[in-house]
Amino acid sequence: MLCGRWRRCRRPPEEPPVAAQVAAPVALPSPPTPSDGGTKRPGLRALKKMGLTEDEDVRAMLRGSRLRKIRSRTWHKERLYRLQEDGLSVWFQRRIPRAPSQHIFFVQHIEAVREGHQSEGLRRFGGAFAPARCLTIAFKGRRKNLDLAAPTAEEAQRWVRGLTKLRARLDAMSQRERLDQYPAGAGREGPILGEPPGPGEAGTHTWIHSYLHRADSNQDSKMSFKEIKSLLRMVNVDMNDMYAYLLFKECDHSNNDRLEGAEIEEFLRRLLKRPELEEIFHQYSGEDRVLSAPELLEFLEDQGEEGATLARAQQLIQTYELNETAKQHELMTLDGFMMYLLSPEGAALDTTHTCVFQDMNQPLAHYFISSSHNTYLTDSQIGGPSSTEAYIRAFAQGCRCVELDCWEGPGGEPVIYHGHTLTSKILFRDVVQAVRDHAFTSWWGQSSTEQTVGPQALCREECSPLKLSSENRAAESPCSDPAVSTVALNFQTPGYEMDLNAGRFLVNGQCGYVLKPACLRQPDSTFDPEYPGPPRTTLSIQVLTAQQLPKLNAEKPHSIVDPLVRVEIHGVPADCARQETDYVLNNGFNPHWGQTLQFQLRAPELALVRFVVEDYDATSPNDFVGQFTLPLSSLKQGYRHIHLLSKDGASLSPATLFIQIRIQRP
């Protein structure tokens, strides 16, 4: 039960051994002792699912290490770093906390873990530490690298190996395991026919634990109505006081004006209901409120799923169903149905397109190639810093064509910078080394056969007119001109142009190469993007609901999002269009629209579809909330979840849109 687990996870009075030198983080349980092996405590559930509770590297990370954070030649500060028991986050703190300084970073936000002096910071400032003792944690988005030096080479290796294992297991985890939504009841035995568990009855979302801790102002594991109202604001719900109090009293079975234990469970379960999913489920399940494999197959066929067979339906039940008895009878409950629709297989992006699936043996001109302009810059093109890290980050995002803007430097050694500006300079040889170390990698395709694709990295050395803006030009990325393969963008500048670029290269294993449609590859093609012909495809998107949209103004505790959804088509000029829903007043938690947006497309093979959520404002421009962009050719039909991304491309999990997609072709 969530609330029992919430109480059990609270830090016991005794301090853990490592905390003798530094205050322990809030809600951080004691490290596992040899007697229990670390497997009996509820906080280690995620590590147990990953099969890492006995891993020596992970156990060392749970105990914590004193690592030196390196920022400059003289700034080397010792910090305590420790993996938290959720296996998903690392806590760190100053050695001597002059003021509260407790921080967390999440494993899912790590882009890469590098050994030795493999960052610009360590190459410049890490000379006092042997490469074997050093590591770099590079993060997704615009967050700076974390350059660290361990006391010993073995300790550095433990963190490199441990973080690598955690990232690999996290990537491989199913949606069910990753969300850990049902900690208490998952897999429980018992009858299911006649009275199956209700929606969410097996437990509630783990993500809400942190909000429970924050809203429980006196930390007594009980929630007053005032604390409940605080919780609602934290999760972006502006609920009418009368309705909120009515729901509060309905769950207050002890009648003491406090919710605790099962009462909080009930309140959250009723708050987190997904009535639109229940309605779809009951259309196929009938009165017994469970889906048989044939009934699930009927749903898959109506979805337009390719390869929908009875065996496939049975496989999905075994993968996503939470109730072991239901599994044994090849039945799927509402909980399992929700897990399936929230999984990558239930998302809008065709999972078969996430690996390298295209022919990679055609001439280079037959591909769109992910390309970067002024790759060396991390910020402004006038006075911003240049860095080899900008190249490494571009390669990590699948960029295959980078720019080296070369100038003669002191002593005749070539340097790279934005000429005739105040941008800083970096050595040409350092950039070439970064290209050597990070550009020439391989992608593994999982299709009918396993194949290795070794794409090239293209370097552009050019002299171009001075551009005083670091903004990307408005372009329908990449383009529909048969002669063009690359459109170079400023990767350091987030915005819708980079969203389109990321969406175009989201598929084919994100290798940075996407095969052009046949109409752009055939030498005798008569295709003209300005006159593509009559509409050939109708795209209909019914925007149903959204879930847990992020709160924009954390500094304003009473502000609530008024969300609207806009769908944009980017392709040939005649196809470019945008439509949006009405806005929903004061509800970023579970807004409902039920509105259908429809588009007529003339060149669907070139179209990108961008889903955007904004916070409506009547007196000023709307605020961006999240987005997701993908090629129309990779968009699956049926009921789908859109997993939203932030402005810099990071996941906004658990924020989602729930939509129904229909694509009609002649």
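The following exchange examines how several descriptions of this predicted model are justified.

User: How many helices and strands does the protein chain have, and what share of its residues counts as buried?

Analyst: The protein chain has 19 helices and 27 strands. Of its 666 residues, 54% count as buried. The accessible surface comes to about 30100 Å², and 50% of that belongs to carbon and sulfur atoms. Among contacts with a separation of 6 or more, 64% join residues 24 or more positions apart.

User: Why is helix α8 called largely enclosed by the rest of the structure?

Analyst: Helix α8 spans residues 225-234, and eight of these 10 residues are buried, so the helix is largely enclosed by the rest of the structure. A residue is called buried when its relative accessible area is under 20%. The residues of α8 that meet this limit are Phe-225, Glu-227, Ile-228, Lys-229, Ser-230, Leu-231, Leu-232 and Met-234.

User: What makes helix α18 mostly covered, and which elements do its buried residues pack against?

Analyst: Seven of the nine residues of α18 (residues 496-504) are buried. They are Glu-497, Met-498, Asp-499, Leu-500, Asn-501, Gly-503 and Arg-504. These buried residues pack against strands β10 (367-372), β18 (486-489), β19, β21 (563-570), β24 (608-615) and β25 (623-631).

User: Why does Ser-370 count as buried, and which residues does it touch?

Analyst: Ser-370 is found in strand β10. Its relative accessibility is 2%, and the limit for a buried residue is under 20%, so Ser-370 counts as buried. Not counting residues up to four places away in sequence, Ser-370 touches Gly-398, Cys-399, Arg-400, Cys-401, Phe-491, Asn-501, Phe-505 and Gly-512. One of these, Asn-501, is also among the buried residues of α18.

User: Is Gln-579 buried, exposed or partly exposed, and how do you know that?

Analyst: Gln-579 lies in strand β22 (residues 577-580). Its relative accessible area is 29%; because buried requires under 20% and exposed requires over 50%, Gln-579 is partly exposed. Leaving aside its neighbours within four places in sequence, Gln-579 is in contact with Val-565, Arg-566, Val-567, Leu-597, Gln-598 and Phe-599. For Arg-566, the C-alpha to C-alpha distance to Gln-579 is 5.6 Å, with their positions 13 residues apart in sequence counted as the separation.

User: What makes the phi angles of Ser-221 and Asn-255 worth pointing out?

Analyst: Each angle is a positive value in a residue other than glycine: phi is near 65° for Ser-221 and near 55° for Asn-255. Ser-221 is placed in the loop between α7 (209-215) and α8, while Asn-255 lies in the loop between α9 (241-251) and α10 (262-271).

User: Why is Ser-221 called buried and Asn-255 exposed?

Analyst: The relative accessibility of Ser-221 is 7%, which is under 20%, so Ser-221 counts as buried. For Asn-255 the value is 58%, which is over 50%, and Asn-255 therefore counts as exposed.

User: How do you know whether Leu-268 is buried or exposed, and how far is it from Cys-251?

Analyst: Leu-268 is found in helix α10. Its relative accessible area is 0%, and the buried limit is under 20%, so Leu-268 is buried. Leu-268 and Cys-251 are 17 residues apart in sequence and 9.8 Å apart in space, C-alpha to C-alpha. Cys-251 also counts as buried, because its relative accessibility is 0%.

User: Why does Cys-519 count as buried or exposed, and how many disulfides does the structure hold?

Analyst: Cys-519 has a relative accessible area of 16%; this is under 20%, so Cys-519 is buried. The structure holds zero disulfides. A disulfide would need a pair of cysteine sulfur atoms within 2.5 Å, so no pair in the model meets that limit.

User: What makes up the lining of the second largest pocket?

Analyst: About 310 Å³ of space lies in the second largest pocket. It is lined by 19 residues, of which Gln-358, Val-514, Leu-515, Glu-605 and Ser-633 are the closest to its centre. Strand β19 (513-515) and helix α19 (518-521) are the elements that give two or more residues to this lining. By class, the lining has 11 nonpolar, four polar and four charged residues.

Methods:
Residues are numbered from 1 along each chain as its sequence is written. This is a predicted model: local features need pLDDT of at least 70, side-chain atom pairs count only at pLDDT 80 or more; totals for chains, interfaces and linings use all residues. Side-chain values use heavy atoms; hydrogens and water are left out. Helices (H or I, at least four residues) and strands (E, at least two) are DSSP runs, numbered from the N terminus. Buried means under 20% relative accessible area, exposed over 50%, partly exposed in between (1.4 Å probe, protein chains only). Contact means heavy atoms within 4.5 Å. Accessible areas come from the Shrake-Rupley method with a 1.4 Å probe; for residues, only the protein chains shown count as cover. On a 1 Å grid over the protein atoms alone, a cavity is a set of points where a 1.4 Å probe fits but cannot get out, and a pocket is an open set with protein on both sides within 12 Å along at least five of seven lines; lining residues have an atom within 4 Å of a point. Grid points are joined across faces, edges and corners, and a volume is the space filled by probe spheres set on the points. Ala, Val, Leu, Ile, Met, Phe, Trp, Tyr, Cys and Pro count as nonpolar, Asp, Glu, Lys and Arg as charged, and the others, Gly among them, as polar.
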